[in-house]
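Hi everyone, thanks for coming. Let's take a look at this structure together, and please have it open in front of you.

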Amino acid sequence: MPSPSVLFPPDAARPDEDQAAEPPFFGDLNLDQVVDALLAGRKAYRLRPFFYHPLHDAAAVRYRQAVAQDLENDALREHVHTFATRMRQVGRYLRMLNDLEYPYHIAGWFLEAVLRYTEAVQALADALAEADLHAAAFLALRDYLADYVHAEAFTALRDEAQAVRAELDAIRYCIHILGDTVRVRRCEDEPDHAAEVERTFAKFRRGAVKDYRTPVYVRSGMNHIEAQILDCVVKLYPEPFAHLDAFRTRHPDFRDPVVTAFDREVQFYLAYLEFIAPLREAGLPFCTPEIITDKAIAARETYDLALAHKLVSEGRPVVTNDFALHGKERIFVVTGPNQGGKTTFARTVGQLHYLAALGLPVPGREARLVLPDRIFTHFERAEEVANLRGKLEDELIRLRETFGQATPQSLIILNEVFASTTFQDALFLGRQVMERLLALDALGVFVTFLAELSTLGPQVVSMVSTVDPENPAERTYKIVRRRADGLAYAHALAEKHHLTHDQLVARVRP
Amino acid sequence: MNVFLLFPNRDADPKAPLPWQAEALEQDLGLPQVYEAMAQGDKFLHAAARRVLLDSLEDVDLIRYRQAVLQDCLAHPDVVREIYRIPIEAQEKKREQWLGIFSRSPQGILSSAVDLLAMFVGLLRRLKGIADAQAGAFASEGFRRFFAMLQAELDEAYFEEVETHLRTLKFRQGVLLSAELGPGNEGTRYTLRKPRRTPRPILKQIFGRTPSCGFTIPPRDTYGSKALGEIKDRGLNEVANAVAQAADHIDGFLKLLQAELAFYVGALNLAERIAALGMPLAFPDPAPAETRRFTASGLYDLGLALAKNAAVVGNDIQANAKNLVIITGANQGGKTTFLRSAGLAQLMMQAGLFVPAQALEANLARGVFTHFKREEDAEMESGKFDEELGRMDAIADYLRAHSLVLFNESFAATNEREGSEIARQIVDALLEGRVKVFFVTHFYTFAHSYYAASQGEALFLRAERLPDGRRTFKMIPAEPLQTSFGEDLYRQIFKAG
């Protein structure tokens, strides 16, 4: 029986993690920002390969979607979080053993690692047994852990560890220090001196005063004086330490590979859910996308995840947009005023499809999306290029490559690719590209200043960025499905400056 | 242990914010003169005087409590000053002997805290001695409670207990710590233990009964000595904190004693100044805020007397049952001086002090406010009326029923008709809100409108002018007059020149 995994169904192929590289469109879609941000603080889990590996099988996506949905349960997520915290401690303690010097110091931290491990696994098994689970992955893990924690290997490990710890806890010793001489002995119920002092002076107590306690510098370490004291304690109480030695010999390697794999893989979801939590708190919706096989993609109240992350952290509002294709429609042509959210819209469509292919919830109230075989992006580069001809040439070479590799199942996103050529060139090239796109029957988003491209056929849907008619200088970042006329914004600006035809006629003096 | 000499059931709060109108009161009523007379150059006394004078009590019983304590002080000034020496000496010794907790290590904190505590304990013994000797001679509830508390809390057995602690905390027989095994078998919960007292020799006592194990750090192992010192520090952390906090608490007690007594010591100084000027002082008779009382004899402006260092004229006034007192009359006739004397006496009464008068009965005010004409604003004439109304606007934020507002030539930065109308609207509103008002004005229109309508709830005073034109600086009940004798003054000054 294959080990249960929360990332891949039992029969699915796993990616070669060493080969995983950032997809070429990550930068254009700002997914690099998203992944960098959500992996911050989780380096040790080596999650990057999973975020670089989109799924192409709807069943595999649904397998993950179910896991993510189960993890929406706050109580379960809290349990998993606690489990992860303990497992990190286990790892830290075990790594530390190599650097320690004194045998009972090493044995002590080994015991601590075992205690934390058994605690972590037992609590997780208990939590899963209680939880309302639906994901196949979690159900398989629940069964696995139920067997594991009841098996002799685990119960013996746990019970022995606790017994040894209890023996060590019971030890209380006294140290008498006079000059450079140290004596260690058993204690005899001598009273706590500080408490007596406090009692004596309690009558003067009034209000809060300064705390004179020096912060105890807690290091995981033991110097030779502490070691000598510990040696004395061992001599005074030999039995518990003998038990500790025996325990360590009996359990050299105690971690289960399925448990450690879960510990790592579940972080894929936690990282993402943690990243989107503040956005949800700000009222932004997320949904589990429906994976469709036709091309009638649609989303309501969706938005650019990277931009929303930034805006929410600055306390600024996020504008959401809707989009939908029906029947034969394949291409969004986005026109309208600059800085009106056109690029953001194009990114949003790309991000949504990529996140859906990772099996994760996506920005939006609801979404119907495809699993593209490839995603291609062509964004105008901001950097100056000395040779415009060279730049256009490079761009066309890339486009040719794209069209050589793209299939009807691909998603192609073009953003102002010909903005730096002449109008005539741009119109010509734009038409050519559009015709290729239409012939290919792939899904596409084409951001352009060329309104002409929006009327090239029934497969083309015109989307326009808008302005507020009351306050034309204000950007709304709303992208709506509407005929592209290219004049609404210019007219509004002219009115604001009292330069419309009628205004200007009235102002010109006779 | 509580001082409770200013309040019967709570500590004075030296950090409490001054009332919002503090600056205006000081400027308008001549308070700095009074602070100076109480402080005699001592900054601490000055601060205490200021704090207590501005923090008006609004409860008759609290005022009587302080009056009784103050009467004890006036009867035994030397004893009170002797007690006051004790907290002063604590601060002086701290400074002179470099006592204080400056260390950052528990061992260092502990040893300096023990020294500091030993010094404090010596002073507490002296305080207890005074209580034993003087308790019977004091009559006020405040002092009787204070002395009784010292006698009950600081008996000989207690001092012995404290001194035992101070001795054992020198650790002449070494330090005994208990410890447990934390994660990794690292020692934890190091706690200082008090060795059991037994008649046996100390080493036997510690090691005689149970098997033990030990070692001695070689002289050259400085790292080892340091490591041992760290263990000791961890064990002494709690006890060092306990001793240092105990020292802080005693320090706090002595400072509070100083802060509360400072007001009374200031009052002693002031009483001596007043006696030297040959002026009277009286313990006033406070009435609840809901009543309307103001009856004084020989009420004088203490600030003026202190500034001139001479006796000044006092006034008799009968304003019981009056909500409104309007003062009119000759310029330079003592109107402002009278207004000040009334405001200052009100504040002193509500601080629990004696007042500058032969007798005074007055109702308490829920906040005393002054709205005085500001001479220094003259240069920006255009905005002056606006500024006046702005100040009134600010005061209005703080007014309550039974507040007292003293107006001095207010709203006069405009013509008489406008100024009268505004003043009239404001005063009407205040009276409807049951605010008590004293108003000095030269606006006949304003003053007379109240005189014409008065049903006896207003009192009209006039700065007296004798038939020969001389001023007596006395206020007499009289109808407002149309003129305000500026002509007189003009003549007097120009004749003299």
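Let's start with a bit of vocabulary: two helices count as roughly perpendicular when the angle between them is 65 to 115 degrees. Keep in mind that what we have here is a predicted model.

Now find helix H1, residues 31-39 of chain A, and helix H11, residues 257-281 of chain A. They pack at an angle of about 105°, and their axes are 9 Å apart. H1(A) and H11(A) are therefore roughly perpendicular to each other. Which residues make the contact? From H1(A) we have Val34(A), Ala37(A) and Leu38(A), and from H11(A) we have Ala271(A), Tyr272(A) and Phe275(A). By class, that contact has six nonpolar residues, with no polar and no charged ones.

Next, let's turn to the two chains. In chain A, 66 residues are in contact with 77 residues of chain B. The area buried between chain A and chain B is about 6900 Å², and carbon and sulfur atoms give 57% of that. Three residues to look for are Phe204(A), Arg206(A) and Tyr212(A): they supply 12% of the area that chain A buries against chain B, more than any other three residues.

How many salt bridges does the rule find across the interface of chain A and chain B? It finds four. Glu196(A), for instance, forms a salt bridge with Lys194(B), with the closest N and O atoms 2.8 Å apart. There are also 32 residue pairs in polar contact across this interface.

And which element gives the most to the side of chain A that touches chain B? That would be H9(A), with ten residues. Sorted by class, this side of chain A has 29 nonpolar, 14 polar and 23 charged residues.

Terms used. Residues numbered from 1 in each chain as written. Chains lettered and ligands numbered in written order. Predicted model: local features only at pLDDT ≥ 70, side-chain atom pairs only at ≥ 80, totals over all residues. Heavy atoms only, no water. Axes fitted to C-alpha atoms, helices over the stretch in contact; angles between N-to-C directions. Helix = DSSP H or I, 4+ residues; strand = E, 2+ residues; numbered from the N terminus. Parallel < 35°, antiparallel > 145°, perpendicular 65-115°, else oblique. Contact = heavy atoms within 4.5 Å. Nonpolar A, V, L, I, M, F, W, Y, C, P; charged D, E, K, R; others polar. Buried area = accessible area lost by both parts, 1.4 Å probe. Salt bridge = Lys/Arg side-chain N within 4 Å of Asp/Glu carboxyl O. Polar contact = N/O pair within 3.5 Å; in protein donor to acceptor, adjacent residues only side chain to side chain.
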